[in-house]
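Reader: I'd like a close look at one helix and the stretch right after it, and then at whatever pairing and packing you can tell me about elsewhere. Keep it informal, but give me the cut-offs.

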Amino acid sequence: MTETLHAALQKHFGYSEFRPLQEEIVNSLLAGKNAFVLMPTGGGKSLCYQLPAAVSDGVTLVVSPLIALMKDQVDQLNAAGISATFLNSTLSGQEMDQRMGNALAGKYKLIYVAPERLVNGSFLAFLDRVKLSLVAVDEAHCISEWGHDFRAEYRKLSLIKERWPNVPLIAMTATATSRVQEDILRQLHLGGAKTFRASFNRPNLHYRVLPKRKQFDELVTFLNRHKSECGIVYCLSRDGTEQLAKALQQQGFRAIPYHAGLERDARSRNQEKFSRDEVEIVCATIAFGMGINKSNVRYVVHYDLPKNLAGYYQETGRAGRDGLDAECLLFFSLSDRVKLLRFIDDMSDDKERIHARKELDLMVGFAQCEDCRRAKLLAYFDEAFNERPCSGCDNCSDPTSQKKYDVTRQAQMFLSCVLRVNQKFGAGHVIAILRGSENQKVIDWRHDQLPTYGVGKEYSQSEWKWVAAELHRLGYIMQDHEQHGVIRVTSKGIQSLKDREKVEINMPAKGEGVRIRSGNEGEGIHEELFQRLREIRKEIAVRDDVAPYVIFHDKVLRSIAAGLPLTRDALRDITGVGDIKARRYGEKVLMAVKHYTDEHADAKPIPFELAKFPEIGRPVDGAFQTKSFLDRGMTLEEAANTTGITQGTVVKHVTQLIAAGDEALFKKLVPPERHKLMRDAFESQGWQFLKPVLDHLIENHNGATFTYDELHFIRAYEVWKASSSSQSL
């Protein structure tokens, strides 16, 4: 069976190896056992039931909540040579009868249905006549009332095990806390199922938070660095999506809105435009995204604060499904918290209201945290993260983005003003007083007569908002939930006023945006060929009436544009191609590669796995100071102590210097024999993740000591070698 699985994996999906947990899950299902799979977006959940379906007799029934997702999955399966269909409300009666007849005749390996259809009595009778080999419940968190996407119709899925107790069931989700996991298992009667939990860490995603000051200008600056790349901008309200999409259109961006208030046809049309790369930007409420299978989303922006970390993780997870770098930008203001609290206060159920407030506070804590954001996010899912600095969030990778400012004077103004209005108003009104506003509310309450009126007019409203947010984070003020966000001064704040205590806060640098490079800048690949391959992919997609990523993901095209395959066998060796796609699309792709290599006679293949790591970045100024200490013979620890920075920052400096070509420094820190040993481990375990490489080394070399530092240095060295060889072409 192992050989059969690997042959099918290569034939249909173009992979020579399984990702972590996939093979174990597949074998468990083929043995007739139930499974609960918790795996992040882009981790390969779908393959866990699609591969068993491809090699089994009978039909795999897939419960999916969205019509658009069904079509995407079916298109991709048929393109990979696996017969699949969907049965939903988009079909005419004649089409439905024909497909159901084909199912009874055994012509499909997979059938996708919505939960509402599955629980229909006549449809259940039809399924009793079909030979079911497996049932898969996708987006399983929807079954839990504690999940962020609870859907009442999912509750009825408990009938699956009652009706077909001997058919294995797999429940899958990309986001679930321990409480939600327990609820899913209970609702689906999966008490004896084995739980497979992958890491929630998405190393290719970079997280950053910016204050809401000149927010639209910041967004435009950000989007201009992502010209021609696809992304999602999430807004809190329906009106917000339409207004923002219109404003972006006026700036020359191809943007469209998406929200539940649009007509169904308009929603479907807009989603299809985005899926087929006809527009780059969708401005959406949270109604958009669950199950979105688009692989080349290069960024997700939250224009407003999400209501909880589970939703934030799910939404940011729609970026970078292809494994290439993607950016997650969040704009934050304490006023967003007040808006969301108003919605929460309208909840009639006390338990739900308390839970929602707790979740919102955790979200605000993430936005305000000074530590590693990746660690903060993973901790929400009970996962420890110790590889710091992570180089994947603003707090770790860009220390200059958060600077300490002495705001003692502003803090005294703000706290004093809150007390002078008897702690009966929100932050917005307090700021209006401090800035000397002449709005009607200030005049009506005669707050223009206060000593604090206008004392802070030299500071902008956005600067005051950030000061208020930081004072809240530091515990000088609190918001009264029961009084719609009224600001009160805490005992710590009172003491600060009395003692005139020095107050320092973090203030993000202006206008910089996220600084990592995008996955589309052409580093480490033959860019001209990559663009031509994208054109060919679009032509095939239009011909076959499918989304471009159904043909090949961007990552596959970049691999081709790096490896320059000239034969079908060489093309099959590209991860993600496979036998079926090599046969169907190979001729046009190989012709494009040949044409390119004929025009560029000196073009040579580039090791793409290393070309994926442009995020190391160029050396910052501090790196050269670090180098000077290391050149004097100091250890990494001694250099850190001397400069007053963390050893993690020293490692980052060295990594940047090596990636920029400092071969002498690399050879000084990594002896040749250790370099070879660890490079072999990388070749065996892959270059993307360091932990499997370290585990492999420890397991196979008892007694030897290995460090993440050396692994960072070796990978940076190989990146430099790969890029220098491509530049010499």
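Author: Right after helix α16 comes D382, and its phi is positive, near 60 degrees. The helix itself spans residues 373-380 and is mostly covered, with 6 of its 8 residues buried. Those six are R373, R374, A375, L377, L378 and Y380. Helices here are DSSP runs of H or I with at least four residues, strands are E runs of at least two, and both are numbered from the N terminus. "Buried" means under 20% relative accessible area, "exposed" means over 50%, and "partly exposed" is in between, using a 1.4 Å probe on protein chains only.

Some ground rules before going on. This is a predicted model, so local features need pLDDT of at least 70 and side-chain atom pairs count only at pLDDT 80 or more, while totals for chains, interfaces and linings use all residues. Residues are numbered from 1 along each chain as its sequence is written, and side-chain values use heavy atoms, with hydrogens and water left out.

Now, charges. Side chains of opposite charge can pair when their charged atoms come close. I call it a salt bridge when a side-chain nitrogen of Lys or Arg is within 4 Å of a carboxyl oxygen of Asp or Glu, and the count comes to 32. One of them joins D545 and R276, at 2.7 Å from N to O. D545 sits in the loop between α23 (527-544) and α24 (548-551), and R276 in the loop between α12 (264-275) and β11 (281-284), so the pair ties together parts 269 residues apart in sequence. D545 is partly exposed at 47% relative accessible area, whereas R276 is buried at 11%.

Another one pairs D345 with R357 at 2.8 Å, N to O. D345 belongs to helix α14 (residues 334-345) and R357 to helix α15 (residues 350-368), 12 residues apart. R357 counts as buried, at 13% relative accessibility.

Helix α15 also takes us to a sheet: α15 lies across β8 and β13 (326-332), running at about 110 degrees to β13. For that angle, axes are lines fitted to C-alpha atoms, over the stretch in contact for helices, and angles run from 0 to 180 degrees between N-to-C directions; contact means heavy atoms within 4.5 Å. The sheet is open and has 6 strands in the order β8-β13-β12-β9-β11-β10, paired in parallel. Its edge strands, β8 (205-211) and β10 (255-258), each pair on one side only. From one strand to the next, the twist averages 20 degrees. Two strands pair if DSSP finds at least two bridges between them; β9 (residues 230-234) and β12 (residues 297-302) have 5 bridges. Y234 has H302 in β12 as its bridge partner.

Last, the cysteines. With a disulfide taken as two cysteine sulfur atoms within 2.5 Å, a search of the whole structure finds 0. C283 is in none, and the nearest cysteine sulfur, that of C235, is 5.6 Å away. C283 is buried, with a relative accessible area of 0%. C369 isn't in one either: the nearest cysteine sulfur is that of C393, 7.1 Å away. C369 is buried too, at 10%.
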